[in-house]
Amino acid sequence: MWSRILVLWLICHSSLLLAHSQLELKGASGPLAENIQVYLDRLPDPSNLGSRRFQNQVLQEVKTAARAMGYYRIEVSTELQEKGKKSRLLIQVKPGEAARYKEVQVTVRGEAKNDADFAALIKQHAPKVNHRVHHGRYEELKKQLTSLAIRKGYFQARLTQQELAVAPGLGQGFLRLTFDSGQRFSFGDVQFSGSQIRTERLQALLPFRLGDPYLASSLGELHQKLAESGWFSSIEVDVDDPKDPAQPLQVRVALSPQIRNTVETGVGYSTDLGPRLKLNWNKPWLNDKGHSLSSKMSLSGPEQSIEAGYKLPQQNVSDDYYLVSTGIKNTNLEDTNSAEYNLALERHWLLDNGWYRVASVRWLYEDYTQGSDSGSANLIMPGLGFNRAYDSGGSMPEQAYRYLVNAELSDPTWGSDERFVRLRARAGWIGSFSDDQRWLVKLDAGTILMKSATALPPSLRFFAGGDNSIRGYSYKSISPVAEDGTLTGARYLATAALEYQHRVSGNWWLASFFDAGSAWNDQRNLYRGAGFGVRWASPVGPVRLDFAWGLDLPTGREFQLHFALGPEL
């Protein structure tokens, strides 16, 4: 509070104590005072404030700093103040009226004369008539023109006229800039070296063609696409030295193959599944076509699974491909005991609107016992899904969203045991009120279009409860129940989570949350959970510890501890 009062006092009195504790500035405030301070900070500590030489240096630095911001009529005086053994040099400033532009001419010549990016830059950053003269912004405009020229391939661009004149007596400024871009360079052939992948596959990744105008961002995009392929351990993209704009620039890409096999192991824990062991074995490339193989195994008490996928890239390696996958999963949890076998063919595309589209055909065979119900299912399910995700980066991003919509259908016409349509939709958002305040919202909904879900295996029925569902309830414990009290699974699912987080120190956050929802068949019962938690933004992702109470559980059973590691959405 006292610091705010001091700041207000300084503003009201237009006085500023400078970094040199023996100097005090009066009569200037805001950006002008800040710029004067920058100039005065360069002076050596005075050995004698009364020295005429030092005081002349002070006067000169103040005038130079003021003129840089357009104050050419500034009046500056100094006064040595002594009190006992202490002395201070008071710098009294009267800025006067700032010089304003009478004339502004910024001209672009050469091939960039009709370039929309240059026109936009000048419109946004060039001063207008009657704007205050500002030398720093004038220099910045010249740098921006030069930088844009380099990024867009005008390598011979130069400023043929650069003039900033001021008539102090009239308080007028005159700015004249002429920028000659010269001729724009273009992309030439691309030469790849050191690659184990066939050249035509790499050529398909190019974001430009022979003869296209040069763009530095296109080289960055090429580097990113090569990195996303997973084929290479190192990537270097370079171009020829620009000499003659009539000669296209040759692009050279030096690559080193990624190792043939990568193995990752990990140990984790969550209250949903308990201790868990993970093993991933990947082959980033199998042949010169860029095919790849990935496999992963996950072992925990309630669930054990092993999966493998064979990826066949198409035009765009990371966003356009076929995937053949298979997997086996065993589940022994609550009233569910099942063994499921999956085989799927998927086609992945990245659409122009930013959504990923996945068309699939999945075969599922499952032997199961769900409560008092047991059986087996043989299902062939064509499906179509869309998903989109974004985050601003970091372990706990300030902004993020994720959307997922998926539909699968089954019919005896093509050999399935049952006829149904299964729909699932999820959405999540993360936002920030400030650097120390975040919010999170998650929605999850699903439905099975058939008369009764008891004819389906447990992996297709809906359950709620757990770390990523309704906290305060154990994993998959919310479901309709049979006459004997065992869980049956549900045809419908709807859950929502609302969370507020506040940073307490560094990477540590406190959270409060409220969850609600249900999994039901005919009659919906609302289940609510609330509590608080601790978040740690670890290097491998957020670690979450939640103390939750199931508000619709019997007394004595309502508390649940949840622990999880991984993305929040």
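**Aromatic contacts and a nonpolar surface patch**

In the predicted model, R471 is positioned over the face of F513, at 3.9 Å from the ring centre. A second arrangement of this kind involves R524, which lies over the face of W520 at 5.4 Å from the ring centre.

Contacts between aromatic rings were examined next. A pair of aromatic rings is described by the distance of the centres and the angle of the planes. In total, 19 aromatic pairs are present in the structure. One of them is formed by F155 and F185, whose rings are arranged edge-to-face, with 5.3 Å from centre to centre and 70° between the planes. This pair connects distant parts of the chain, the two residues being 30 residues apart. F155 belongs to the loop between α5 (135–151) and β6 (158–167), whereas F185 belongs to the loop between β7 (172–180) and β8 (187–193). With a relative accessible area of 26%, F155 is partly exposed, because this category begins where the buried range, under 20%, ends. F185, in turn, has a relative accessible area of 1% and is therefore classed as buried.

A stacked geometry is found for W508 and W536, an aromatic pair with 5.8 Å from centre to centre and 15° between the planes. Here too, distant parts of the chain are linked: W508 is located in strand β23 (residues 508–520) and W536 in strand β24 (residues 527–538), 28 residues apart. W508 is partly exposed, its relative accessible area being 44%. W536 likewise counts as partly exposed, at 33% relative accessibility. Both percentages fall short of the exposed class, because that class requires over 50% relative accessible area.

F155 and F185 also take part in a wider assembly of rings. Ring pairs join these two residues with F187, F208 and Y214 into a cluster.

Nonpolar side chains were also considered at the surface. A nonpolar patch is formed there by I306, Y322, V324, I328, Y341, L343, L345 and W363, which together have about 680 Å² of accessible area. The elements contributing two or more residues to this patch are β15 (321–333) and β16 (336–350). Within the patch, V324 is located in strand β15. This valine has a relative accessibility of 35% and so counts as partly exposed. The value is compatible with membership of the patch, because patch residues must have over 30% relative accessible area.

How values were computed:
Residues numbered from 1 in each chain as written. Predicted model: local features only at pLDDT ≥ 70, side-chain atom pairs only at ≥ 80, totals over all residues. Heavy atoms only, no water. Patch = residues over 30% accessible without salt bridge, like charges linked within 9 Å, V, L, I, M, F, W, Y side chains within 5 Å. Areas by Shrake-Rupley, 256 points an atom, 1.4 Å probe, with all protein chains shown as cover. Salt bridge = Lys/Arg side-chain N within 4 Å of Asp/Glu carboxyl O. Helix = DSSP H or I, 4+ residues; strand = E, 2+ residues; numbered from the N terminus. Buried < 20%, exposed > 50% of the residue type's maximum accessible area, 1.4 Å probe, protein only. Phe/Tyr/Trp six-rings, centres within 6.5 Å; stacked < 30°, edge-to-face > 60°. Lys NZ or Arg CZ within 6 Å of the ring centre and 35° of its normal.
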